[in-house]
Amino acid sequence: MISSKAQKYRDELVKKLCEAMENGTAPWQRTWTDGDAPFNAVSGRAYHGINAVNLALQSQALGHSEDGRWLTFDQAKEKGWHVKQGEKGTHIEFYKFEEKPKFDGAGSPVLDSDGKQEVEKSVVVRNYVVFHASQIEGIPPYEPKARNPIEDNEKAERILKESGAKIKYGGNEAFYNRTDDFIQLPEKSQFKTQADYYATALHEISHWTGHSSRLNRPASSDMKSETYAKEELVAEISSMFVSAETGIPQTQEHFENHASYVDYWVKAVKEDLMRFLRR
């Protein structure tokens, strides 16, 4: 369970996600590159998961989606910078995994079959407040990260190879066949650019992870069903994260092809994600 305070921030995020999707401005509904991905301006580390989505949305709201720099009040102070008067921070979550020795009701150590004391694993959720670079006085101007298309393609290729997914080539369609567990793609030469090829392949890899032998997500072949739309939402968010890691942007055709799922996505977020966030 999470605190009521943390739940409040998550509920607010759900609302922002729904509004962004309805307006076509969710992070996965636009081109996403490593330079845009939220990262800590002091440590250089990228934010992940729900924090990445939340900060990306907030960067857009502030009108600075091209600048992914975020930092805490104390980090800004240590650098000699200052949070601008009247600026409000954005809440993020930090998960810490802890292990504690396990004891029984009498206070005696609980031992495993090898005679070693068992441990209890728990997750501690903490909330922090961060500020966008545009809210900081004294911070240097943002300099976009240099992109190297060759290196970006190599990163994407490595993901495809190391996934172990079976990929077949030929025809004019790109899809994942869950029944026979393979990805079908047109020949590389049929794509306008190598980036288009990798963007498509990585999207299908996202679907591949849902197989019963892997993450075992619900599936449906009915393109008008909510289950189908929910799976597309999973793949969209996955594509956003992978794009941030590789620098491979989604194509405009990709966004247009998935515009019809928006209503289903909003419903999926309002229903399923709200239940998930309340765990």
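User: Where does helix 1 lie, and at what angle to strand 4?
Analyst: Helix 1 (residues 4-22) lies across strand 4 and strand 5 (119-132), and runs at about 135 degrees to strand 4. Axes here are lines fitted to C-alpha atoms, for helices over the stretch in contact, and angles run from 0 to 180 degrees between N-to-C directions. Helices (H or I, at least four residues) and strands (E, at least two) are DSSP runs, numbered from the N terminus.

User: And helix 2, which strands does that one touch?
Analyst: Helix 2 (residues 49-61) packs on the sheet and touches strand 2, strand 4 and strand 5; contact means heavy atoms within 4.5 Å. The direction of helix 2 makes about 170 degrees with that of strand 4.

User: Before I go on, what kind of model is this?
Analyst: It's a predicted model: local features need pLDDT of at least 70, side-chain atom pairs count only at pLDDT 80 or more, and totals for chains, interfaces and linings use all residues. Residues are numbered from 1 along each chain as its sequence is written, and side-chain values use heavy atoms, with hydrogens and water left out.

User: OK, back to the sheet. What's the strand order?
Analyst: The order is 1-2-5-4, in an open sheet of 4 strands with mixed pairing. Two strands pair if DSSP finds at least two bridges between them. The edges are strand 1 (39-40) and strand 4 (90-101), each pairing on one side only.

User: How many bridges join strand 1 and strand 2, and in which sense?
Analyst: There are 2 bridges, in the parallel sense, between strand 1 and strand 2 (residues 69-72). Phe-39 has Arg-69 in strand 2 as its bridge partner.

User: Switching to electrostatics: how many salt bridges?
Analyst: The count is 5, taking a salt bridge as a side-chain nitrogen of Lys or Arg within 4 Å of a carboxyl oxygen of Asp or Glu. One of them joins Lys-102 and Glu-118, at 3.8 Å from N to O. Both residues sit in the loop between strand 4 and strand 5, 16 residues apart.

User: Is Lys-102 buried or exposed?
Analyst: Lys-102 is partly exposed, at a relative accessible area of 29%, and Glu-118 is partly exposed too, at 27%. For the cut-offs, buried means under 20% relative accessible area, exposed over 50%, and partly exposed in between (1.4 Å probe, protein chains only).

User: Which parts does the Lys-188 and Glu-157 pair tie together?
Analyst: That salt bridge is 3.8 Å, N to O. Lys-188 lies in the loop between strand 9 (182-185) and helix 5 (194-208), and Glu-157 is in helix 4 (residues 149-163), so the pair ties together parts 31 residues apart in sequence. Lys-188 is partly exposed at 42%.

User: What about Asp-181, which residue does it bridge to?
Analyst: Asp-181 goes to Arg-214, with the closest N and O atoms 2.5 Å apart. Asp-181 lies in the loop between strand 8 (175-177) and strand 9, and Arg-214 in the loop between helix 5 and helix 6 (226-246), so this pair ties together parts 33 residues apart in sequence. Arg-214 counts as partly exposed, at 29% relative accessibility.

User: Last bit, the whole chain: how many helices and strands, and what share is buried?
Analyst: The protein chain has 8 helices and 9 strands. Buried residues make up 41% of its 279 residues. Among contacts between residues at least 6 apart in sequence, 70% join residues at least 24 apart.
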